[in-house]
Amino acid sequence: MYKAKQFNLSGLQGISDQTLEMHFKLYEGYVKETNNLQAKISQILQDGKVDQEEMPAYSELKRRLGFEYNGMVLHEYYFGNLKKGGSGKPDSKSSFAKAAAASFGSRDIWQADFTGIGKMRGVGWAICYQDPTTGQLSNHWISLHEIGNVAGYNPVLVMDVWEHAFILDYKPAERAKYIEAFFANIDWSAVDERLQRPAPRAFHAA
Ligand SMILES: [Fe+2]
């Protein structure tokens, strides 16, 4: 069973407490639904097999699990890379600034790409990942929560661009203003900590 994490983010610039409270409730819904789906799946598995007549229900539960599970995890990354008193630009000596410059030619080009993804029409996320084998950064568009995630890559900066992330503060056409506000509140030290995570060891079956 997963438990919803608590985030103390009130007083952000350009993202209201009202938005955050609504967003935390949505996140808690993903945690609850992930737990519900896992409970239903384990019930089906209790007799040690998936019977043919159980297959349609089992398939639908598994499909929904990808959506709810990623919805839960991505919101934890998103809230985890924001803080009150954050700053728009990382320190030029930070690991992130160096990795962005090495991967994109300059940090500004990295930001133009990340922001460009954030402005894409549709429902989803802009995510900067680190390739755990080379350390290289790349930015990706994620539809819904589960389509477009790069397997095994490490999310280092995660931006929610579903309308619920900003609709109480900005008009639907003002996504760019929300993206500016997101940048003003980034916790770059949290981003750096994610980068410094060691690459996972290859798994060898016994
Ligand atoms: Fe969200």
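**Close-up views of a predicted model**

**View 1. Helix H3 and its buried side.** Phe 96, Ala 97, Ala 99, Ala 100, Ser 103 and Phe 104 are the buried residues (under 20% relative accessible area, 1.4 Å probe, protein chains only) of helix H3, residues 95-104. Seen down the H3 axis, these residues fall within an arc of 165°, so they line one face of the helix; the arc is that of the directions from the helix axis to the C-beta atoms. The face turned away carries Lys 98 and Ala 102, which are exposed (over 50%). Just after H3, Gly 105 has a positive phi of about 95°. Helices (H or I, at least four residues) are DSSP runs, numbered from the N terminus. The model is predicted: local features need pLDDT of at least 70, side-chain atom pairs count only at pLDDT 80 or more, and totals for chains, interfaces and linings use all residues. Residues are numbered from 1 along each chain as its sequence is written, and side-chain values use heavy atoms, leaving out hydrogens and water.

**View 2. The iron ion and its protein donors.** His 23 (NE2), His 75 (NE2), Asp 160 (OD) and His 164 (NE2) lie 1.9 to 2.1 Å from the iron ion. Donors are N, O and S atoms within 2.8 Å of the metal (3.2 Å for Na, K and Ca); water is not among the atoms, so sites may look incomplete. The four donor atoms subtend angles of 89 to 138°, which makes the arrangement irregular; four donors count as tetrahedral if all angles lie between 85 and 135 degrees, and as square planar if opposite donors are over 155 degrees apart and all others between 65 and 115. Asp 160 is buried, at 0% relative accessibility, and His 164 is buried at 14%.

Conventions:
Helices (H or I, at least four residues) and strands (E, at least two) are DSSP runs, numbered from the N terminus. Four donors count as tetrahedral if all angles lie between 85 and 135 degrees; four count as square planar and six as octahedral if opposite donors are over 155 degrees apart and all others between 65 and 115; anything else is irregular.
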